[in-house]
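Below is a colleague's note on the model, set out as numbered points. Please read it with the structure open.

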Amino acid sequence: MTARQADAGLGRIRHLWFSPVRFFRARLEQPPRYLGALTPLAAYIAVTSAALLVTGGKTRRVAEVAFAGVEEAPLPPAWVGDAIGVIATVTAGCSVFVLSALAVLALDTLFVQSGRGRRLVEFTALAYWSQLPFLAVWLGILAWWWQPEPLHLPPGLTSVELLDALSAYQEDSASAPMLSTLRLAASYFWCWLIALQAVALRVVAGFSVGGAWAAGGLLAALFVVAPYVAQELW
């Protein structure tokens with residue numbers, strides 16, 4: 001393999017992380033590859049689903065120990081919660097991608113009308129490569145380091161009270177310091193993804209530097225700040 005061929009392979013991804021303008025300009029000179037651009041999005045959803053399954057599995061094992069011998073409130077089958085969680089994760093991941101792509105297209109339509117909407121959607125999907133290193137670390141921490149706190153149930157609870165206790169325990173586990181720190185770090189990496197989308201508007205649609213910064217700020221407000229505020233309020 002020649003140095004040029006190597007640069008055409010892994011080098012493209014490396015340039016996205018460390019020189020996104022160079023990456024997008026080189027990619028713009030090549031034919032569109034829409035299915036290939038969905039690879040990082042699919043990997044993002046797959047790793048996020050795996051992290052959910054690991055978290056749910058560890059939490060369930062703790063709950064099974066606490067609920068042992070309680071016949072009035074048997075736990076639902078594990079596959080039910082796993083299936084619901086994975087479906088919700090896939091739906092949320094695809095929905096956020098569609099909304100972010102529509103937001104990028106709307107910015108292009110409102111201010112530039114470049115006529116390169118499909119390439120913008122392609123590059124919006126390619127920006128998901130930026131999330132995979134952190135998600136791999138997140139999954140590793142959950143799988144080999146994080147352990148949920150034990151669940152202690154007072155005696156004499158009714159079946160409804162037991163299920164309420166389980167729900168409260170799951171909420172408390174989700175707000176544990178380690179998981180809260182990981183979610184905070186994830187928000188910074190999500191800002192990186194949005195920055196890449198702003199770079200795509202600069203390279204593909206011809207936004208000015210100031211316009212790209214303004215677009216990135218608006219996207220960050222929509223997809224980082226607003227969800228965080230909504231989560232804190234509700």
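1. The protein chain has 10 helices and zero strands. Read from the N terminus, its elements run α-α-α-α-α-α-α-α-α-α. This is a predicted model, and everything below should be read as a description of that prediction.

2. On burial, the protein chain has 234 residues, of which 34% count as buried. Helix α6 is a case to look at in detail. Seven of its 10 residues are buried, so α6 is largely enclosed by the rest of the structure. The buried residues of α6 are R119, L120, E122, F123, T124, A125 and L126. R119 and E122 are on that list although both belong to the charged class.

3. The structure contains nine aromatic pairs. One of them joins F24 and F123, with ring centres 4.9 Å apart and 20 degrees between the planes, a stacked arrangement. This pair links distant parts of the chain: F24 belongs to helix α3 (residues 20–28) and F123 to helix α6 (residues 117–126), and the two are 99 residues apart. Are these rings buried or exposed? F24 has a relative accessible area of 0%, so this residue counts as buried. F123 is also at 0% relative accessibility and is therefore buried.

4. A second pair to examine is F97 with Y128. The ring centres are 6.1 Å apart and the planes meet at 70 degrees; the angle is over 60 degrees, so the pair is edge-to-face. Here too, distant parts of the chain are linked: F97 sits in helix α5 (residues 78–111), Y128 in the loop between α6 and α7 (132–144), and 31 residues separate them. Both F97 and Y128 are buried. Ring pairs also tie F97 and Y128 into a cluster with Y44 and W190.

5. Q131 is placed, like Y128, in the loop between α6 and α7. Is Q131 buried or exposed? Its relative accessible area is 3%, which is under the 20% limit, so Q131 is buried. The side chain of Q131 reaches the backbone oxygen of F189 at a distance of 2.7 Å.

6. The count of disulfides is zero. For two of the cysteines, accessibility can be stated. C94 has a relative accessible area of 35% and C191 one of 32%. Each value lies between 20% and 50%, so C94 and C191 are both partly exposed.

7. The second largest pocket has a volume of about 230 Å³. Its lining is made up of 13 residues, and A195, A198, V199, A212 and W213 lie nearest the centre. Which elements give two or more residues to this lining? They are α9 (177–204) and α10 (209–233). Sorted by class, the lining of this pocket consists of 10 nonpolar, two polar and one charged residues.

8. For inspection in a viewer, three places cover most of the points above. One is the stacked pair of F24 and F123, with F123 among the buried residues of α6. Another is the ring cluster of Y44, F97, Y128 and W190. The last is the second largest pocket, with α9 and α10 each giving two or more residues to its lining.

Methods
Residues are numbered from 1 along each chain as its sequence is written. This is a predicted model: local features need pLDDT of at least 70, side-chain atom pairs count only at pLDDT 80 or more; totals for chains, interfaces and linings use all residues. Side-chain values use heavy atoms; hydrogens and water are left out. Rings of Phe, Tyr and Trp (its six-membered ring) pair if their centres lie within 6.5 Å; planes under 30 degrees apart count as stacked, over 60 as edge-to-face and the rest as tilted. Helices (H or I, at least four residues) and strands (E, at least two) are DSSP runs, numbered from the N terminus. Buried means under 20% relative accessible area, exposed over 50%, partly exposed in between (1.4 Å probe, protein chains only). On a 1 Å grid over the protein atoms alone, a cavity is a set of points where a 1.4 Å probe fits but cannot get out, and a pocket is an open set with protein on both sides within 12 Å along at least five of seven lines; lining residues have an atom within 4 Å of a point. Grid points are joined across faces, edges and corners, and a volume is the space filled by probe spheres set on the points. A disulfide is a pair of cysteine sulfur atoms within 2.5 Å. A polar contact is a pair of N or O atoms within 3.5 Å; within protein, one must be able to donate a hydrogen and the other to accept it, and residues adjacent in sequence count only if both atoms are side-chain atoms.
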